[in-house]
Amino acid sequence: MSGEVTLSVIKADIGGWVGHSRIHPALQERAVEVLRDAQAQGLLVDFHVTAAGDDLQLIMTHRRGDDNPDIHGLAWRAFEAATEVARELKLYGAGQDLISDAFAGNIRGMGPGVAEMTFVERASEPVIIFMADKTSAGAWNLPLYRMFADPFNTAGLVISPSMHQGFRFEVHDVKEHRRIFFDCPEEMYDLLVFIGAPARFAVKRVFSRATGEIAAVSSTERLSLIAGRYVGKDDPVMIVRAQSQFPAVGEILEPFAFPHIVEGWMRGSHHGPLMPVAAREGNPTRFDGPPRVIALGFQVAEGRLVGPVDMFDDPAFDEARRRAAQVAEYLRRHGPFEPHRLPLEEMEYTTMPDVMKRLAERWEPVA
Ligand code: F6R
Ligand code: MG
Ligand code: MG
């Protein structure tokens, strides 16, 4: 694997402080201890531990490739160790995302969310890692479309020779567990048929058509679909490579200047705006929200993570935050009515079906 580096972002909600609002620093410290040991033993090249709302985020570089059992096992151990701390502090929902009892080789399908990519490091390798709380996998569809297929967002699609050929999108059907590829710009209308329905279809990866290299990867785990019942939301993460044959840093951040509406928020059952915030502000409060996204930038240097730089910690995004707060207020006024509350089909993994079942006998036919 020499010459290639793998960037793995693995996250889990293993206990909130207070309620579902943020991660207690002691959990991060515990995870750092576990990862530092792994680095000393040569398993990791580098790592950074952070939090987005009530999700603990492990950002790791190594030489073992995607889906490596040692790396996934390490993440699982870090989450288990931090869960012990969460239990001692009686944090809320301690261990909530560790829905399997024992690690069995791959962390996918066991609760945590995973975004990983393996690539040959360029002469300079800027990457941005997006981490959201109180929303789900499809939340990245609109920004990924804008970054990699919309010339009104990404000037490079028009004027950069290295991007003019466009990008290939890998789309996952999260319910049927199947995938399809679309080449843009030719197939952008076909692409939009599917990714415009982000509860069902999520962009998993994007590739450069000029070089075939991976440009972006997201986590597409849907906890609710894994567990078959509501066990919390699958707050998603995403890695995007920047500059040169990929969109510029500013083209990657640009879609978040529009706080688009995503599903999640209170009880994972509402629509709300995705507010771009500095990492220190990534802690949902109002009505357990509104949904938030943080963005950390790194230069990867021989696998070392040179950073983080807190990309949304910038007054240029103040207006997006203000609009998000206004949209949050407007939607909140709908209370329990759609479209603030999710449509019934999307509520099937909440506690709503129990209420419906209880009332089933009381329905009478109408002549
Ligand atoms: C949404 C979320 C919170 C909880 C809500 C109720 O993703 O995590 O909005 O759903 O606080 O939580 P419980 O049912 O744990 O009391
Ligand atoms: Mg939580
Ligand atoms: Mg969360």
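## A magnesium site and a buried arginine

Along the chain, the donors of the magnesium ion (ligand 3) follow the spacing D-D-x77-D-x101-D. This is a predicted model, so let's see what it shows, starting with the metal.

Which residues do the holding? The magnesium ion (ligand 3) is coordinated by which side chains? They are D54, D55, D133 and D235, each through OD, at 2.0 to 2.3 Å. There's a second ion in the picture too: the magnesium ion (ligand 2) sits 4.6 Å from the magnesium ion (ligand 3), and D54 coordinates both. The pair D54 and D133 links distant parts of the chain, 79 residues apart.

Here are those two side by side:

| Residue | Where it is | Relative accessible area |
|---|---|---|
| D54 | loop between β2 (46-52) and β3 (55-62) | 2% |
| D133 | strand β5 (residues 125-133) | 1% |

Buried means under 20% relative accessible area. D54 is therefore buried, at 2%, and D133 is buried as well, at 1%.

Now for R292, which belongs to strand β14 (residues 292-301). Does R292 count as buried or exposed? R292 is buried, yet it has no salt bridge. The nearest side chain of opposite charge is E281, and that is 6.7 Å away. What R292 does have is the backbone oxygen of G289, which lies 3.0 Å from a polar atom of the R292 side chain.

R292 also touches a string of residues further off in sequence, including M131, A132, L274, M275 and V277. Another one of them is D133, a residue we already met as a donor to the magnesium ion (ligand 3).

Terms used. Residues numbered from 1 in each chain as written. Chains lettered and ligands numbered in written order. Predicted model: local features only at pLDDT ≥ 70, side-chain atom pairs only at ≥ 80, totals over all residues. Heavy atoms only, no water. Donors = N, O, S within 2.8 Å, 3.2 Å for Na, K, Ca; no water. Helix = DSSP H or I, 4+ residues; strand = E, 2+ residues; numbered from the N terminus. Buried < 20%, exposed > 50% of the residue type's maximum accessible area, 1.4 Å probe, protein only. Lys, Arg positive; Asp, Glu negative; His and termini not counted. Salt bridge = Lys/Arg side-chain N within 4 Å of Asp/Glu carboxyl O. Polar contact = N/O pair within 3.5 Å; in protein donor to acceptor, adjacent residues only side chain to side chain. Contact = heavy atoms within 4.5 Å. Lists of a residue's contacts leave out its neighbours within four places in sequence.
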